[in-house]
Amino acid sequence: MKGKWTTRLKIKRISTFVMIFCLIFLVMLAGFTLYGDRVGNFVVILKDDKVKIAACLTKNFEKDKTSRFDVPGIEYLSPTTFKDLPDSLPHEVGIKNDENGKYIAFSFYLLNLTDRAVNYDMSVEIVDELTGTKNGNYKPSDALRILVLTERNLDEYFEGSNRLKSDGTIYAREESSEEGNKELEKAEYPDGKVVYFADDDVIIHEKKIPFSIEEVIKYTVVIWLEGYDISCKDELIGGRLKMKMSFNAY
């Protein structure tokens, strides 16, 4: 009889430990997922200075102009490649994230609200990055690609539907190996359309971009993980990335 009670007590203790372990694991998982949601954004910021510029998603510039956009990220971004992106991504405005989680896409209008022609700087920076949970040597930015397309001389309706993805510039981290460059040939990037990151955390840094009086420029930004990049491996799972796009007119 004593042996049976001893066995039952052991089983009860083991069950208690298992339940506690499972509870701790679930709490850790929930917290990690929540953190991923919070940092998984792409932010567009227009610096407010003496020279006034603004952004908008509609043709009602006076009513809907803003100085900031928060574009929701995709928690589990699936790898894709340039040739599989829709050609129509530059059309229309607003958030156009892929429903299957393959890319983040966003288009907006940039407005010159001053009474004279100005210049502006545009930059895209990595402001927060977590490496993959399987291997800390793999960063999401290693396989990151950003397509930026600008449209000027828009018609009076500002539709901007006469451009294709191939008209934009692709930004990528420079590949350091011959094997990596060989594999990237499969991505079929347009000739002369790839520009390397400006720095480790600075993806784009363009200066003195001309902006005419009352001009409207349309920007389209597409973000994806390049499936043909040799850094795009399972080791990236669990990684997170947050970026900021800034405009500063003067």
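**A pocket, two strands and two cores**

Good morning. I begin with the second largest pocket, which has a volume of about 160 Å³. The structure before you is a predicted model, and the description that follows should be heard with that in mind.

Which residues line this pocket? The lining consists of Arg145, Ala172, Arg173, Glu175, Asn181, Leu184, Glu185, Tyr189, Val194 and Tyr196. By character, these residues divide into 5 nonpolar, 1 polar and 4 charged. Two elements, helix 3 (178-184) and strand 9 (194-196), each supply at least two residues of the lining.

Let me now turn to the chain as a whole. The chain has 3 helices and 12 strands. Of its 250 residues, 40% count as buried. Among contacts between residues at least 6 apart in sequence, 82% join residues at least 24 apart.

I shall take two of the strands in turn, starting with strand 5, residues 104-112. How many of the residues of strand 5 are buried? The count is 9 of 9. Both faces of the strand are covered. On one side, Ile104, Phe106, Phe108, Leu110 and Asn112 are buried; on the other side, so are Ala105, Ser107, Tyr109 and Leu111.

Strand 5 pairs with several other strands. With strand 2, residues 53-56, it pairs in the antiparallel sense over 4 bridges, and Ala54 stands opposite Leu111 of strand 5. With strand 4, residues 94-95, the pairing is antiparallel over 2 bridges, and here Ile95 has Phe106 as its bridge partner. With strand 11, strand 5 pairs in the antiparallel sense over 8 bridges; Ile104 is matched there with Ile223.

Strand 11, residues 216-225, also pairs with strand 7, again in the antiparallel sense and over 8 bridges. Within that pairing, Glu151 stands opposite Lys218 of strand 11. Strand 7 covers residues 144-151, and 7 of its 8 residues are buried. Strand 7 has a further antiparallel pairing, over 4 bridges, with strand 8, residues 169-172. Ile146 stands opposite Tyr171 in strand 8.

Next, the nonpolar cores. In soluble globular proteins, nonpolar side chains tend to be buried together. In this model, the largest nonpolar core holds 35 residues. Which of its members touch the most other members? They are Tyr120, Met122, Ile203, Tyr219, Met245 and Phe247. Consider Met245 in detail. Leaving aside residues up to four places away in sequence, Met245 touches Phe42, Val43, Val44, Ile45, Phe108, Met122, Ser123, Val124, Tyr219 and Val221. A second, separate core has 12 residues, including Leu147, Ile170, Tyr189 and Val222. Tyr189 was named earlier, in the lining of the second largest pocket.

My last example is a single residue, Ser67. Where does Ser67 lie? Ser67 is in the loop between helix 2 (61-64) and strand 3 (68-71). Why does Ser67 count as partly exposed? The reason is its relative accessibility of 39%, since partly exposed residues fall between the 20% limit for buried and the 50% limit for exposed. Not counting residues up to four places away in sequence, Ser67 touches Val44, Ile45 and Leu46. Val44 and Ile45 are also among the residues that Met245 touches. Finally, Ser67 and Cys56 are 11 residues apart in sequence, and their C-alpha atoms are 8.6 Å apart in space.

Thank you for your attention.

Note on methods: Residues numbered from 1 in each chain as written. Predicted model: local features only at pLDDT ≥ 70, side-chain atom pairs only at ≥ 80, totals over all residues. Heavy atoms only, no water. Core = buried A, V, L, I, M, F, W, Y, C linked by side-chain atoms within 4.5 Å. Buried < 20%, exposed > 50% of the residue type's maximum accessible area, 1.4 Å probe, protein only. Contact = heavy atoms within 4.5 Å. Pairing = 2+ DSSP bridges. 1 Å grid on protein atoms, 1.4 Å probe; cavity = no way out; pocket = protein on both sides within 12 Å on 5 of 7 lines; lining within 4 Å. Points joined across faces, edges and corners; volume = space filled by probe spheres on them. Nonpolar A, V, L, I, M, F, W, Y, C, P; charged D, E, K, R; others polar.
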